[in-house]
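Here is a short walk through one protein chain, from its overall make-up to a few places that reward a closer look. Please keep the viewer open as you read.

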Amino acid sequence: MKILIMAAGSRGDVVPYTGVGARLRAAGHEVTLATHEPYARAAADAGLAFRPLPADPRGGDAREGTGGGGDGGAAGGGKGGGEAPRGRRALVRTASAFVGRLGQGMADAAEPGTDLLLLSTTTAPLGWHIAEALEVPSLGLYLQPTAPTGDFPPVVGGTRSLGRWGNRAAGRLALRVVDRIHADAARDLRRRLGLPAAEARAVRQAREAARWPVLHGFSQALVPRPRDWRTGLEVTGNWWPHLPADAALPAELADFLAAGPPPVFVGFGSMGGGAGERLSELAARALRDAGVRGVVQAGWAGLAAHGDDVLTVGEVPHALLFPHMAAVVQHAGAGTAAAAARAGVPTVPVPVLADQPFWARRLAASGAATPAIPFAELTAERLAAAITTAVREPAPRSGAQRLAREMATEDGAGAVLRAVDALAAAGGARGGGHQGRAGRGARPSPRRPPR
């Protein structure tokens, strides 16, 4: 089959799909990844074709709080770039502008001949309309649990449990906020695609009623599948970024690791825009006060720390780096949190926003992390104390190693492959059925989305 994966957001929202795509390609499928230009190399390294999407997450049009993945994204769980806009109205305006540009770019990327759309948390509320216009099936590949449940409050904005009824009610409200964010973009997209008018909320509800299948790429060991989820919502285990067979640590980093005891990693990914200098000073002091060596990752904030016992690095695959660490200080984005857990290394979570507090709580509850330090409350003293606990106390490492063993039994990409093959066998590919249409009117023939 010709499969088009659509993903948007920061690096953690996108690169897990390179591993999924590579697995599908190895099974004989033709796979294209549509995402932002900065990730074109990651797609190529995985052997995937690439189509660009607009709204670069590093730009001002996709600031933190736009709504996934690794860390989430505008559709319901994540982030894009620098600092969070202040206030709910500002967040909705920023997110709406982001998804408006994203929707038009997704229409450009959706070429005729596609047999199946695989949609991330961020792209699904727009991808549904494209699947409808092309008359092809789609499958959700989510990095966050967005469906309402009594087991926990909404992943974004749900700071404490409201009880089972309250959690479900809050989850439904969160979906209505997502509908509102996508309202204008959905209207414009449907007009461009030649589809009959339908509200974003109505399209989502139609998909829910049809039990649209969604696979969730996180571990059951961190988030067991909620008991009250409908049929069609499954948890598969993590989807790991593709790692080329010849991938290796940079020589300078390998030499640093060999020169002393395991260091502590400090990195905030796409978080902390505009606070690089302060975070660099804070990290260097905390590492020194804790008496440990450190590897500081520059990230989008541009962290930089120097000294005999500290090395600053750029992009390095976490799968290669984290197993060499004594502990990982991180923002608790979905992808980074999972990578630390996979390595069996204790985490010091410093969540900033969106889904990060959720993952920080999950790591701590599993025993694999110290209690979270909210980013707004971060000090060198608190960070040094948490690093000391993570490195010196046996419980966090024991919890992390136990979690790693459980995660090692899961095959998330394999579950996606099985779902895709089952869909094809059931006649879900082009010419073999359709997963339902929202709105009314004559069913259009497959077409190229008008430009």
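How many helices and strands are there in the chain? There are 15 helices and twelve strands, where helices (H or I, at least four residues) and strands (E, at least two) are DSSP runs numbered from the N terminus.

Before we go further, a word on the source: this is a predicted model, in which local features need pLDDT of at least 70 and side-chain atom pairs count only at pLDDT 80 or more, while totals for chains, interfaces and linings use all residues. Residues are numbered from 1 along each chain as its sequence is written, and side-chain values use heavy atoms, with hydrogens and water left out.

**Surface and interior**

Of the 451 residues in the chain, 56% are buried. Here buried means under 20% relative accessible area, exposed means over 50%, and partly exposed is in between (1.4 Å probe, protein chains only). The chain exposes about 17,700 Å², and carbon and sulfur atoms supply 52% of that area; the areas come from the Shrake-Rupley method with a 1.4 Å probe.

Helix 5 (residues 124–134) is a good place to see the interior, as eleven of its eleven residues are buried. Among them are Trp128, His129 and Glu132. Just after helix 5 comes Glu135, with a positive phi of about 55°.

**Salt bridges**

The structure holds 18 salt bridges, each being a side-chain nitrogen of Lys or Arg within 4 Å of a carboxyl oxygen of Asp or Glu. Three of the pairs are set out here.

| Acidic residue | Basic residue | Closest N to O |
|---|---|---|
| Asp151 | Arg164 | 2.8 Å |
| Glu208 | Arg230 | 3.0 Å |
| Glu234 | Arg225 | 3.6 Å |

Let us begin with Asp151 and Arg164, which form a salt bridge. Asp151 sits in the loop between strand 5 (138–142) and helix 6 (163–193), and Arg164 belongs to helix 6, so their pairing ties together parts that are 13 residues apart in sequence. Asp151 is partly exposed at 28% relative accessibility, and Arg164 is partly exposed as well, at 33%. The two also take part in a network of salt bridges that links Asp151, Arg164, Arg168, Arg227 and Asp228.

Next, Glu208 forms a salt bridge with Arg230. This pair links distant parts of the chain, 22 residues apart: Glu208 is in helix 7 (residues 200–209), and Arg230 is in the loop between strand 6 (214–216) and strand 7 (233–235). Is each partner buried or partly exposed? Glu208 is partly exposed, with 34% relative accessibility, whereas Arg230 is buried at 14%.

In the last pair of the table, the side chains of Glu234 and Arg225 meet in a salt bridge. Glu234 is partly exposed at 36% relative accessibility, and Arg225 is partly exposed at 24%.

**Around helices 11 and 12**

Helix 12 (residues 356–366) has these buried residues: Gln356, Phe358, Trp359, Ala360, Leu363 and Ser366. What covers them? The cover includes strand 11 (327–330), helix 11 (334–342), strand 12 (347–349) and helix 14 (394–407), with contact taken as heavy atoms within 4.5 Å. After helix 12 comes Gly367, whose phi is positive, near 90°.

Two loops in this part of the chain hold alanines with unusual backbone signs to look up. In the loop between strand 11 and helix 11 lies Ala332, which has a positive phi of about 65° although it is not a glycine. Ala332 is buried, at 0% relative accessibility. In the loop between strand 12 and helix 12 lies Ala354, also not a glycine, with a positive phi of about 55°. Ala354 counts as buried at 14% relative accessibility.

**The largest cavity**Which residues line the largest cavity? They are Gly217, Phe218, Leu222, Asn238, Ala334, Ala337, Ala338 and Trp359. On a 1 Å grid over the protein atoms alone, a cavity is a set of points where a 1.4 Å probe fits but cannot get out, and lining residues have an atom within 4 Å of a point. The largest cavity has a volume of about 40 Å³, the volume being the space filled by probe spheres set on the points, which are joined across faces, edges and corners.

Helix 11 gives the largest share of this lining, three residues. By type, the lining divides into six nonpolar residues, two polar and no charged; Ala, Val, Leu, Ile, Met, Phe, Trp, Tyr, Cys and Pro count as nonpolar, Asp, Glu, Lys and Arg as charged, and the others, Gly among them, as polar. Trp359 appears both in this lining and among the buried residues of helix 12.

Note on methods
On a 1 Å grid over the protein atoms alone, a cavity is a set of points where a 1.4 Å probe fits but cannot get out, and a pocket is an open set with protein on both sides within 12 Å along at least five of seven lines; lining residues have an atom within 4 Å of a point.
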